[in-house]
Amino acid sequence: MSRPTGRVLTLLDLLQSGGVRTAAELAERLGVEDRTVRRYVDRLIDLGIPVETVRGRYGGYRLGPGHRLPPLMLGDDEALAVLLGLLAGRRAGLTTAAGTASETAAAKIRRVLPGHLARRLDTLLDSLAVTPGPAGSPRPDAEILLTVADAVRHRRPLSVRYTDRAGNHGERRLHAYGIVAHGGRWYVTGADPDRGEDRALRLDRVTGARPLPGSFEVPAGYDAADRLITGFATAAYRHEVTLRIHGTPEGLRTRLPPSVARVEETQDGADPAADRWLRVELRVERLDWLPPLLASLDRPFTVERPEELRAAVTAYADRFARRARGEEERGV
């Protein structure tokens, strides 16, 4: 590679790091004069790379938005970060409906890597194990995802076409407050202004989204992720369960995260690190998984409701007691 060509590529690398770079700074980094920097900038512009000139006391050059992605100059660490990010997103299920996009992007980056770096990355990726996300999780449409994100940023109302879990189709207005990726799925949280209710919609069930005139304000202190997780724990299910468990909130959260249960203090001013009685509320479709989970906590607990769970816990304890005595092996 000739030295002028190498310097032009180095200039592109410097501009891609972001911000405005003065001509003097670039000249010093490249080891050339200011007028040579201007010539290199003109060469990048001739190649279709959108370099902008910034006027003023703190002016210089910066990389502007263009109709196509300019060539990327990636170092070893940067290439590794990009490929690992693509791999992790694909394995965790956090991709859009165009599911091959992450694969083709990774292939393009892999194809232009120097041989020594490609071999090192292949060695890492071949030895890397990543736990998969939910199998077969549906993905949102990329254009819908971007439309909703734009509405979140600019606080513009949306009209969305949505299919609920019962298969009912409808169109509704939405004030989108935030987007959350959770459990291999994408969600938008916000409010339905017509009904005055909070909303959390799965984006893969949104089949259309278009901006509407007007604007809205996001409630002060609103946390989209917290709203989504709290909504999971308080959603309407077949059984409403209330327990009192002796322990610490931190200890219970290892097995009962916020998306599953609400944990409330029952003793004001208690030492956060000390065991005490905590009130735990869950809403669940099935009760059969709760007895073994409560047993795994190995903490004193009381079932306040429902009666069916109290019976299930008693039956589970009796069954384990019989196994411990070996009665089931003897056919007792």
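Is Arg-279 buried, exposed or partly exposed? Keep that one in mind while we wander through this predicted model; we'll pick it up along the way.

**Stop 1: a pair at the start**

Select Arg-21 and Glu-25 and show their side chains. The two meet in a salt bridge, at 2.6 Å from N to O. Now switch on a surface. Arg-21 is buried, with a relative accessible area of 15%, while Glu-25 is partly exposed at 28%. This pair belongs to a total of 19 salt bridges in the structure.

**Stop 2: Glu-304 and its partners**

Next, jump to Glu-304. Its relative accessibility is 37%, which counts as partly exposed. Add Arg-244 to your selection: Glu-304 forms a salt bridge with Arg-244, and the closest N and O atoms are 3.5 Å apart. Colour the strands and you'll see that this pair ties together distant parts of the chain, since Glu-304 sits in strand β11 (residues 301-305) and Arg-244 in strand β8 (residues 239-247), 60 residues apart. Arg-244 is partly exposed too, with a relative accessible area of 29%.

Now bring in Arg-279. Glu-304 also makes a salt bridge with Arg-279, with 3.3 Å between the closest N and O atoms. Again distant parts of the chain are linked: Glu-304 is in β11, Arg-279 is in strand β10 (residues 276-284), and 25 residues separate them. And here's the reply to the opening question: Arg-279 counts as partly exposed, at 28% relative accessibility.

Which residues make up the wider network of salt bridges? Select Arg-244, Arg-262, Glu-264, Arg-279, Glu-281 and Glu-304 together, and you have them linked in one network.

**Stop 3: an open sheet**

Switch to cartoon view and look for five strands in the order β6-β5-β4-β3-β7, which form an open sheet with antiparallel pairing. Start at the edges: β6 (197-202) and β7 (206-211) each have a single partner strand, so one side of each is left without a neighbour in the sheet. Rotate the view a little, and check how the strands twist: on average, neighbours in this sheet are turned by 45° against each other, ignoring direction.

Zoom in on strand β4 (residues 169-182) and strand β5 (residues 185-192), an antiparallel pair joined over seven bridges. For a landmark, pick Ala-176, which stands opposite Gly-190 in β5.

**Stop 4: the helix across the sheet**

Finally, select residues 142-154, which make up helix α7. This helix lies across β3 (158-163), β4, β5 and β7, and runs at about 80° to β4.

Notes. Residues numbered from 1 in each chain as written. Predicted model: local features only at pLDDT ≥ 70, side-chain atom pairs only at ≥ 80, totals over all residues. Heavy atoms only, no water. Salt bridge = Lys/Arg side-chain N within 4 Å of Asp/Glu carboxyl O. Buried < 20%, exposed > 50% of the residue type's maximum accessible area, 1.4 Å probe, protein only. Helix = DSSP H or I, 4+ residues; strand = E, 2+ residues; numbered from the N terminus. Pairing = 2+ DSSP bridges. Axes fitted to C-alpha atoms, helices over the stretch in contact; angles between N-to-C directions. Contact = heavy atoms within 4.5 Å.
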